[in-house]
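Here's a quick walk through a protein with a ligand bound to it. Have a look at the sequence and the model, then read on for the sheet and the binding site.

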Amino acid sequence: MGKLFVISAPSGTGKTSLIQAILEDSAATNTKLGISCTTRKERPKEINGVSYFFITNEKFKDKIKNKELLEYAEVYGNLYGTPKDWVLSVLSKGENVLLELDTQGALQVKESFPESKTIFIIPPSYEDLAKRLELRAQDSNEEILRRLKEAKKEVNVGKDFDQIVVNNNFEETLNDLKQFIFRGLKPSTARQDAVNKSLNLLLD
Ligand code: 5GP
């Protein structure tokens, strides 16, 4: 059996770029990224069946009824879920699976697969997160405030995940993640101190 990893992070923490870089590593040939189903609209540059499987509400409800999903959750008003068969077939081939889920989904996976490893990426502070969301220029001010409020809820759940890493420096954070996923190693004491410092700020 392969290993199952679930990565969650508040929106704007840099999760997608980090995951992309993890998968580009030569050690990742045996690691596959899950493709979720969602009812949200396709964004420009997204490809159906690559970024997500874009499906209707009706089809999503059928998948829930037929127990085809390993987990599912509503995020920002849209439904997202992980196809169960795909995950099981990859794991049974001895390959590792990486899932990028919100914290609700991560908890559901942990419940069905207690041996899975949940990873939570935190920003250094909410000020830093707000700056990143503004720089990304993807959302309105109102949407940024909504994402910051949501981030607080996510941190309250993610603080208990198996491994927390802080994205205060892309290369160092990437190294923390690769060490944990590919070698089962914990971050160095200095990196762990940085996590604790940020967690204190975020949980204040
Ligand atoms: P986006 O719409 O920006 O691609 O993703 C929004 C949020 O949904 C992200 O936090 C992402 O991690 C989460 N997400 C994506 N796929 C799934 C899934 O299959 N299940 C759950 N629970 N969350 C997902």
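## The sheet

A bit of vocabulary before we start: two strands count as paired if DSSP finds at least two bridges between them. Keep in mind, too, that this is a predicted model.

With that in hand, the strands here form an open sheet of 4, in the order β4-β3-β6-β5, and the pairing is mixed. Both β4 (53-54) and β5 sit at the edges with a single partner strand each, so one side of each has no neighbour in the sheet. Strand β3 (residues 37-38) runs parallel to β4, and 2 bridges join them. Along that pairing, C37 stands opposite F53 in β4.

## Where the ligand sits

Look for the ligand in the largest pocket. Two elements give two or more residues to the shell around it: β5 (69-75) and β6 (78-83).

There are 15 residues around the ligand, and S36, R40, Y52, Y80 and D102 come nearest. By character, the shell divides into 5 nonpolar, 4 polar and 6 charged residues.

## Polar contacts and burial

Which side chains put a polar atom by an oxygen atom of the ligand? Y80 does, at 2.4 Å, and T82 does as well, at 3.4 Å. On the nitrogen side, D102 has a side-chain N or O atom 2.7 Å from a nitrogen atom of the ligand.

As for cover, the ligand taken alone exposes 510 Å², and the protein buries 89% of that.

Conventions. Residues are numbered from 1 along each chain as its sequence is written. This is a predicted model: local features need pLDDT of at least 70, side-chain atom pairs count only at pLDDT 80 or more; totals for chains, interfaces and linings use all residues. Side-chain values use heavy atoms; hydrogens and water are left out. A residue is near a molecule or strand if one of its heavy atoms lies within 4 Å of it. A polar contact is a pair of N or O atoms within 3.5 Å; within protein, one must be able to donate a hydrogen and the other to accept it, and residues adjacent in sequence count only if both atoms are side-chain atoms. Accessible areas come from the Shrake-Rupley method with a 1.4 Å probe; for residues, only the protein chains shown count as cover. On a 1 Å grid over the protein atoms alone, a cavity is a set of points where a 1.4 Å probe fits but cannot get out, and a pocket is an open set with protein on both sides within 12 Å along at least five of seven lines; lining residues have an atom within 4 Å of a point. A molecule sits in a cavity or pocket if more than half of its atoms lie within 2 Å of its grid points. Ala, Val, Leu, Ile, Met, Phe, Trp, Tyr, Cys and Pro count as nonpolar, Asp, Glu, Lys and Arg as charged, and the others, Gly among them, as polar.
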